[in-house]
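Here is a short briefing on selected loop residues. Backbone angles come first, then histidine contacts.

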Amino acid sequence: MTDIKKFTSFATSNCYLISPFDNEIVFLIDLPPNIDEVIDYINTNNLTIGGAFITHGHWDHAIGLSSFDSKAYINLDDEHLARNPSEQIGDFLGDKVSVNKYEGNLHNVLDHEYDFLNVYINPGHTKGSVSFEFKDLGVVFTGDFIFKDLSLIHISEPTRQEAISYAVF
């Protein structure tokens, strides 16, 4: 498998499946709410999960952690967001939905051991937003930092002024 497979969740977040080695080892980019379809695809095709790289800690990119049994990497500046999705969901739905806190292991993506991956820190959308470049494949995954038409950089946390102070032009 050398292609990139995209799965879109009901929350309109994407999970990407990518194989940087041209073999059965795959990595997931982001873990939205319903990753069952992704896991089923992996099992049906006899693939092996190498891990997951999470672009930022917002619930629609990280809540699938609770259904994921492999190594998950995130910028630990977003650890609180990834572990506490109820706080974010409550902003949208109030007390109608209860989600458990994620208690599993999270690994610092800035300390990853993979030669095929470059990680770029993009604070702004969240404090811990990162982009992942699979350099040999010529692709970069940006989460919600840059949207498809490249005309919008979505800054929500920290404040826009703080994000501008981090920016390099």
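The points below cover two aspartates and a group of histidines.

This is a predicted model: local features need pLDDT of at least 70, side-chain atom pairs count only at pLDDT 80 or more, and totals for chains, interfaces and linings use all residues. Residues are numbered from 1 along each chain as its sequence is written, and side-chain values use heavy atoms, with hydrogens and water left out.

**Positive phi**

- Most residues other than glycine have a negative phi.
- Asp22 is not a glycine, yet its phi is positive, about 60°.
- Asp22 sits in the loop between strand E2 (14–18) and strand E3 (25–29); helices (H or I, at least four residues) and strands (E, at least two) are DSSP runs, numbered from the N terminus.
- Asp22 is exposed, at 53% relative accessible area; exposed means over 50%, buried under 20%, and partly exposed in between (1.4 Å probe, protein chains only).
- Asp30 also has a positive phi, near 70°.
- Asp30 lies in the loop between E3 and helix H1 (36–44).
- Asp30 is buried, with a relative accessible area of 4%.

**Histidine contacts**

- His58 is in the loop between strand E4 (48–53) and helix H2 (59–62), and is buried at 12% relative accessibility.
- His125 is in the loop between strand E7 (117–121) and strand E8 (130–134), and is buried at 2%.
- The side chains of His58 and His125 make a polar contact of 3.1 Å; such a contact is a pair of N or O atoms within 3.5 Å, and within protein one must be able to donate a hydrogen and the other to accept it, while residues adjacent in sequence count only if both atoms are side-chain atoms.
- The His125 side chain also makes a polar contact with the His56 side chain, at 3.4 Å.
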